[in-house]
Amino acid sequence: IKDRSIRRAVSISFEITVPADTSVRADSGSGSVTVTDIAAPVNADTGSGSIKLTNISGEVTADTGSGSIVAEGVAGGFHGDTGSGSITLSQTAPGDVVADTGSGSIKVTGIVGALRADAGSGAISVQGEQVGDWILDSGSGSISVTLPDDAAFNLDAESRSGGIRVAEHFAFDGTTSKKHMKGTVNGGGPRLRIDTGSGGIRVN
């Protein structure tokens, strides 16, 4: 198209079907990326746009400069990064998780593995079983962690503006103040580090 004004108004979308066991790399300069029903590693990258991944049996890497990331039914490890946008992950098989957003919330469910979740500004909610250290950090936002009743871990939780609450059924042994709790839970285990600049902390 020679006319620049027309060329600027043109957008192109691709829909590609591959065998389920095909490793996928999807890269867009600007635009959303959707990948479904893949039983192999997936790498999705866009400069600006949302990423949606569904039913992926393999390691997942998702990166967007600006946009949300939604990954549902991931059987394996996950690494998600967005400059601005929320990250939502439901995991169906063990694997380590890294979730990082400059501005936006993080929600992770069903995790069985190590975890690092970092939100520059936004709430963090995590549910699963701790296999390895969990490190959760929000510059501004509440943090909620849900673990099995018999979970054993070393807790180090700090909120510079907001309360800290640990469910009564957890046997906590350590030091407690309004802004900081540090000690063992149910005898101790992997490290659970929780830090927020502004917001409450709940361990359920």
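Here is a short chat about a pocket, a strand and a few residues in this predicted model.

Student: Before we start, what are the ground rules?
Tutor: It's a predicted model, so local features need pLDDT of at least 70 and side-chain atom pairs count only at pLDDT 80 or more, while totals for chains, interfaces and linings use all residues. Residues are numbered from 1 along each chain as its sequence is written, and side-chain values use heavy atoms, with hydrogens and water left out.

Student: Which strand gives the largest share of the lining of the largest pocket?
Tutor: A pocket here is an open set of points on a 1 Å grid over the protein atoms alone, where a 1.4 Å probe fits, with protein on both sides within 12 Å along at least five of seven lines; lining residues have an atom within 4 Å of a point. This one is lined by 23 residues, with Phe14, Glu15, Ile16, Ala26 and Thr34 nearest its centre. Strands (DSSP E runs of at least two residues, numbered from the N terminus) S1 (24-28) and S2 (33-38) each supply at least two lining residues. The largest share, 6 residues, comes from S2.

Student: Which residues of S1 point to the buried face?
Tutor: Buried means under 20% relative accessible area, exposed over 50%, and partly exposed in between (1.4 Å probe, protein chains only). Side chains alternate along S1, and Arg25 and Asp27 point to the face that isn't buried. The buried ones are Val24, Ala26 and Ser28.

Student: Which residue of S3 stands opposite alanine 26?
Tutor: Strands pair if DSSP finds at least two bridges between them. S1 and S3 (residues 42-46) do so in the parallel sense, over 5 bridges. Opposite alanine 26 in S3 you'll find alanine 44.

Student: What is the relative accessible area of threonine 64?
Tutor: Threonine 64 sits in strand S5 (residues 60-64). Not counting residues up to four places away in sequence, threonine 64 touches (heavy atoms within 4.5 Å) Thr46, Ser48, Gly49, Ile51, Ile69, Asp81, Thr82 and Gly83. Threonine 64 counts as buried, with a relative accessible area of 1%.

Student: And what is the phi of aspartate 37?
Tutor: Most residues other than glycine have a negative phi. Aspartate 37, in strand S2, is partly exposed, with a relative accessible area of 49%. Its phi is positive, near 55 degrees.

Student: Where does asparagine 186 lie?
Tutor: Asparagine 186 isn't a glycine either, yet has a positive phi of about 55 degrees. Asparagine 186 is partly exposed, at 28% relative accessible area. You'll find asparagine 186 in the loop between strand S16 (180-185) and strand S17 (191-196).

Terms used. Helix = DSSP H or I, 4+ residues; strand = E, 2+ residues; numbered from the N terminus.
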